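User: I am new to this structure. Could you show me how to read it, one feature at a time?

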Amino acid sequence: MELANRTEVSEFFLKGFSGYPALEHLLFPLCSAMYLVTLLGNTAIVALSVLDVHLHTPMYFFLSNLSILDVCFTSSFVPLMLVHLLSVQKTISFIGCAIQMCLGLTTGSTECVLLAVMAYDRYLAICQPLRYPVLMSHRLCLLLAGTAWGLCLFKSAAETVIAMRLPFCGHHVVSHFSCEILAVLKLVCGDTSVNEAFLLVGAVLLLPVPLALICLSYTLILATILRVPSTAGRRKAFSTCSAHLAVVLLFYGTVIFIYMKPKSKEAGVSDEVFTVLYAVVTPMLNPIIYSLRNKEVKEAARKVWGRRRTSR
């Protein structure tokens, strides 16, 4: 009977909010505006980091990588989601689903590692200020960023290939607005133990381990800051870390809320709405947090804008 129900999959139907037309019409302008802000804000961060020589530092190199990650993450699903919010045909091809799944896994995993790397960078800058230029060299920055991107891409590609090679039986309706791997695995009629083992190992390596390193880094940073004699020195040290710490709390707080809370077999519409807003809001807020809390970024923006006006 199981073999009889197996069909060759050419496309999936992304259920999303198809049962709530009014909600779809509300989410379309909201998500469109946030996606536009995400693209503009993160592109501006990358442009400023490249154009202003004062931002050619490890901190802004990693921040540029974070902005690129956010753009790639949202662009992997938001454009198609916006189309689906206004259309009846909410399908995605088998290959398109695999690509979307791989991109989502890669960018999310890389961000977990990159936030830990950025915490380590802040630890060296504050706790080892005299040795910082030597310890955090340009070569090490490239190695850390490249390793994070490469390993997470390899891990995500392996998880995607294993998942998409499994037999899909019956309907091909994904109860999600994108090809999220857990939602797709619910359609599998074969053994998913290998996938679940991969995902469990990945979840342990990319959530508790980086978060523990971040907590350790900021514990050491706080101990160092409290030993600084001057109030101005402590304030400056806190200001350089507050933006990154806010992004860490925002990212890990929402991820833990979504993936660690008890779930029913079929996710409710409130869970789906929260997931959409998290996936769009978090990448949008990252550049806002860094620009509002960072005098160097605001000063670089003024310089670049001033040069453009002068050149005209």
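Analyst: Start with one residue. L114 is buried, with a relative accessible area of 2%. The cut-off for buried is under 20%. This is a predicted model, so every value is computed from predicted coordinates.

User: Where is L114 found, and which residues does L114 touch?

Analyst: L114 is found in helix α5. Leaving out residues up to four places away in sequence, L114 touches F62, N65, L66 and L69. Look at L63 as well. L114 and L63 are 51 residues apart along the chain, yet their C-alpha atoms are separated by 9.0 Å.

User: What about T106, buried or exposed?

Analyst: T106 is buried, with a relative accessible area of 6%. T106 is found in helix α5 too. Beyond its neighbours within four places in sequence, T106 is in contact with C152, L153 and S156.

User: How should I read a nonpolar core?

Analyst: First the general idea. In soluble globular proteins, nonpolar side chains tend to be buried together. Now this case. The largest nonpolar core has 60 residues. F62, L66, F77, L115, I214 and Y252 touch the most other members. Helix α5, residues 94–127, gives the most to this core, with 11 residues.

User: Which residues is L115 in contact with, leaving aside neighbours within four places in sequence?

Analyst: L115 is in contact with L66, I214, H244, V247, V248, F251 and Y252. Apart from the largest core lies another core, of 21 residues. L14, M101, I181 and A183 are among its members.

User: How do I look for empty space inside?

Analyst: The idea is simple. Rolling a probe the size of a water molecule over the atoms shows where empty space is left. Here the count comes to two cavities of 30 Å³ or more.

User: Which residues line the largest cavity?

Analyst: The lining is L14, K15, G16, F17, E24, M81, H84, L85, K90 and F177. About 60 Å³ of space lies in the largest cavity. Helix α4, residues 78–86, gives the most to its lining, with three residues. By class, the lining has five nonpolar, two polar and three charged residues. Recall L14: this lining residue is also a member of the 21-residue core.

User: And what is the volume of the second largest cavity?

Analyst: The volume is about 40 Å³. M59, F62, M118, D121, R122, H244 and Y290 line the second largest cavity. α3 (58–75) and α5 each supply at least two of these residues. α5 gives the most, with three. The lining divides into four nonpolar, one polar and two charged residues. Two names return here. F62 touches L114, and H244 is in contact with L115.

User: How far can I trust the coordinates?

Analyst: Check the confidence score. Where pLDDT is low, the predicted coordinates should not be read in detail. In this protein the average pLDDT is 84, and 88% of the residues score at least 70.

User: Which elements have the lowest and the highest mean pLDDT?

Analyst: Helix α1, residues 2–5, has the lowest, at 44. Helix α7, residues 138–164, has the highest, at 94. Over residues 1–6, pLDDT stays under 50. For that stretch the model has eight contacts beyond four places in sequence.

Conventions: Residues numbered from 1 in each chain as written. Predicted model: local features only at pLDDT ≥ 70, side-chain atom pairs only at ≥ 80, totals over all residues. Heavy atoms only, no water. Core = buried A, V, L, I, M, F, W, Y, C linked by side-chain atoms within 4.5 Å. Buried < 20%, exposed > 50% of the residue type's maximum accessible area, 1.4 Å probe, protein only. Helix = DSSP H or I, 4+ residues; strand = E, 2+ residues; numbered from the N terminus. Contact = heavy atoms within 4.5 Å. pLDDT = per-residue confidence, 0-100. 1 Å grid on protein atoms, 1.4 Å probe; cavity = no way out; pocket = protein on both sides within 12 Å on 5 of 7 lines; lining within 4 Å. Points joined across faces, edges and corners; volume = space filled by probe spheres on them. Nonpolar A, V, L, I, M, F, W, Y, C, P; charged D, E, K, R; others polar.
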